[in-house]
Amino acid sequence: MKYNNLLQPSVIALSLLSFGNTAMAQNLQNEQTEADSNDIQEVVVTGVRYSLSQAIDVKRDSMQIVDAIVAEDLGKFPDNNVVESMQRIPGVQTTDRGGGEVSGVSIRGLSDVTTTINGRNIFTDSGRSVALQDIPSTLINRVDVYKTRSPENISRGIAGQIDVHTNRPFDFDGLKVAAVLRGIRQEQAEKNDPQASLLVSNRWDLDNAGEFGALVNVAYTRTNYRDMGANAGASFPFEPLDGTTPLRQIPPSEGWTPGLDRGLPTAPGSTLNMNPDQEFLHWRDAMFNFDFRGERERPAANIALQWAPNDRSEYTYETFYTGYRVDVYNSLWFQFLNGAYDPNDPVEIYPDTNVIKSRTMTDGFSFTSGDISKDRTDSYLHALRGEWQVGDALTLESEVVYQESDFETDFWGQRLARVAPEFFIDINGGGGVPSLDYDPSGSGSAATDPADPSNYWLDWAFDSGERRSGDASTWTVDGDYDFDLGWINKISFGVRWDNRSAEVRTNVLEAGGPQNNPETDAPYALADLEGIATAGTDEFFNGRSGVVQSWAVADESYVRSNVDFLRSTVYGFNAPVYDPTFEIDETQKAFYVQADFATEFGNGSVLDGRFGFRWLDVETDISAPGADGQFVDATNASDTILPSLMVRWGITEDLMARLSYTETFNLPTFADLNPYIQYFPDVTDIGYGTATGGNPDLDPVESENLDISLEWYFAKDSVLYATWFKRDITNFITPFRNAVVVDVPNDVPDRGPYTYILSQPDNAGEGQLDGWEFGVTWFPELEGWLNGFGIQASYTLLDSEQELPILDQLGNVTGTDTVSIGGVSDSSYSAILAYDRGAFSGRLSYFWREDFYNNNEAALFANPLQVWRGEEESLDLQFSWDVNDQWTLTFDATNLTEPTYHWNYGDEPELFNFHNYIYSRTFALGVRFSM
């Protein structure tokens, strides 16, 4: 019964065989059918040391290379959310800190991860993946991270698989009640938020009808957060200074190519790449700050019913629900930097470059925007599972699963605008953070104050929204047949059928200025809308000198209360209509077979393993509206066979070596397959139009994987290990440009067949990732109160590269470039000091990762195309005190160092700084009850 046991006795027995302890293994195998299905679950609730030791057991006993995180107690996962806990796993990196949490996870630098709940594939709305952070940690008892996978595992996701285990009633001996209540302080938001969960479970003897169990687990989390960013805009070429003419931005039509991989050159005296007579200087187009404040709620519930009519069959019904609600207000300040230049004011240029660092400007257009958004997600998963022991050798399992997920979002952006009379800008005022002074001459004039609403006028508004939904019906059958055929001792097989649908509907963005007020016969003004403008933010960016601290902005409460009035009366926008963007219907069929083998050598060492394959057939039908209102239909089909070989060698009782060869793949996203292409006419007579769209002819991304590891279990609750791995990846999906000749219907003017530069995804790259993982967990035997200290540490080295085509403006391939794979840090590590003795347990955890390539900027600018994130770190603390057998007090703190996160263009952070973020520390006090 694959998901009832935290550690299956048969797997433990095989592990003991591997380490030469044949007598113990045979005894355990004989007792397997009499053992309670979850004895190990009962000992998980003993603190941080046992949590770590359980993770070691999972690693040691798995045929795949697996690392795990196990709850210290019911409702007590090690961190505020699951993603934060995964930082301590070797080879796992987390990112996308924001909103009071960490939300992004990658395995060995690759974010292409499949997430399952109790082995079942799950998703959020119309996507293929799930928002893992939406699953409350209080509903989870264990998370397994598969870095290699057997044929029985879902094979999608070249990075690996994250399997989330929830509680079931047969996990406990009888009545079980557990409750958690925490108060979490978000320091930047200056708010206290609740997190609560309740689990009630029991099992009953039904006499001749067997045994029945029921479990209800509910959770609720509310988070108020504040995130802040101070940012420098993109670079453009400007005419050099001659002391008499203003600095002028040079458009691409005058001889330069936007979006070059390394940008335009930065040496003094550099000229435009297509106009060698024109020298230029790099300068930015803008500076901008944002101040995000949000309130997020996450309700969740898990209901599980189990019935075992006899000792040879078992039935399980589960419903799993996660919800997501968030109201966000972003106070945005934006200052354009392409205004007039006073030749009498000095301009500072970085030494030995053509890059401007600072200058004084006059009459610069500036706007602020009070942006409100409201998001909601509801996801349900229902599963009915049966497990049967047929005879002495055959075990069968089958289940039917239905899931649905809906997401909706609505956005309104309300701008105010002004012209700043004079200001001084230092694009890098220190540490990559730009600075600006609106009164460089010290005049003290009220007109210089960015926080005074009287300096602004009512500007444009923006209205948009989206509805996304998805559902899936899945049926599986799995079987295990035990027999003795020489080396081979078990054959496993299974089939999976899955039908998936998805739909995206969009309220197309409306934007424009205010219409006339009938009472004044002039466009609506701020004076007509009392209360719409406020002095805005305070204590921005921790009060850092040089960063604009406050600005007038549209008031959140006014906009939320009057959005319908603003939409219909002030701006005359249409009521929201959500038109189809694309519709998907996809069917997946899979079959697998695998064989387990084992043999013992004369010296007592054991060689065992698993080999087999998984076959998968996918057919995806896509439908999207075309330019003429008719739907465009397309089909994407693929099938593949994915072989797998895993070998374990129990060299001694405490030393194990592993070798694994597997093949994995991933499917294109539904959005990438969208066949609709939108054409934009040539309105400036440059000789071609532009177009964007998806590509229904994309192939799956494929990877051949090799892993070799050595693990030394040198003491109780301790392990030291190293793993070398390699991934050869083909069919990378990358942005691509092609020149196409199309006769666009209703084109104005009607040019007939005309050239368009089509930007769409394509299978245009291949790459390689290899590296090392090192890890140790050690609880030494010490004397007195020191006996309880332990360490857990990991270090990961990665080397990645991918070959991508170099394209000119027309989409012609002019060469290839070798770059890093996105999201891959060359090195990362974690260091954890743990303590577990008597009633006290805790851990101090530090995580660090090196800078990494994140994404490509839009191909519109003169700066390097690649966007890199700087190094990231986090220092977290957890502590608990068992007051008695039922009550526990807890204290948790995250992001204690509160670092500033830096992004930059290319590999020159001083010349091309970009984003700078500050995220909040959190502090939490809690109480747990268990009986």
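**Exercises on strand pairing, cores and a surface patch**

In this predicted model, valine 70 stands opposite arginine 142 in β6.

**Exercise 1.** Determine which strands stand at the edges of the open sheet that contains β1 and β6.

*Solution.* Begin with the local pairing: β1 and strand β6 (residues 140–146) are antiparallel partners over 5 bridges. Next, place this pair in the whole sheet, where 5 strands follow the order β1-β6-β7-β4-β5 with mixed pairing. β1 (66–70) and β5 (120–121) each have a single partner strand, so one side of each lacks a neighbour in the sheet and these two stand at the edges.

**Exercise 2.** Identify the residues that touch the most other members of the largest nonpolar core, and the strand that gives the most to this core.

*Solution.* The core has 73 residues, and Trp412, Ile425 and Leu458 touch the most other members. Strand β20 (residues 394–426) gives the most, with 6 residues. Consider then isoleucine 425: leaving aside residues up to four places away in sequence, its contacts include Trp283, Met287, Leu337 and Met361, as well as Lys357 and Arg359. Another core, of 38 residues, lies apart from the largest one and has Leu110, Leu132, Val143 and Ala300 among its members.

**Exercise 3.** Classify methionine 931 as buried, partly exposed or exposed.

*Solution.* Methionine 931 lies in the segment after β47 (922–930). Its relative accessible area is 43%. Since buried means under 20% and exposed over 50%, methionine 931 is partly exposed. Met931 belongs to a nonpolar surface patch with about 790 Å² of accessible area together. Two or more residues of the patch come from each of β9 (191–205), β10 (211–232) and β15 (286–310).

Notes
Residues are numbered from 1 along each chain as its sequence is written. This is a predicted model: local features need pLDDT of at least 70, side-chain atom pairs count only at pLDDT 80 or more; totals for chains, interfaces and linings use all residues. Side-chain values use heavy atoms; hydrogens and water are left out. A nonpolar core is a set of buried Ala, Val, Leu, Ile, Met, Phe, Trp, Tyr and Cys residues joined through side-chain atoms within 4.5 Å. Buried means under 20% relative accessible area, exposed over 50%, partly exposed in between (1.4 Å probe, protein chains only). Helices (H or I, at least four residues) and strands (E, at least two) are DSSP runs, numbered from the N terminus. Contact means heavy atoms within 4.5 Å. Patches are made of residues with over 30% relative accessible area and no salt bridge: like charges are joined within 9 Å, nonpolar side chains (Val, Leu, Ile, Met, Phe, Trp, Tyr) within 5 Å. Accessible areas come from the Shrake-Rupley method with a 1.4 Å probe; for residues, only the protein chains shown count as cover. A salt bridge is a side-chain nitrogen of Lys or Arg within 4 Å of a carboxyl oxygen of Asp or Glu. Two strands pair if DSSP finds at least two bridges between them.
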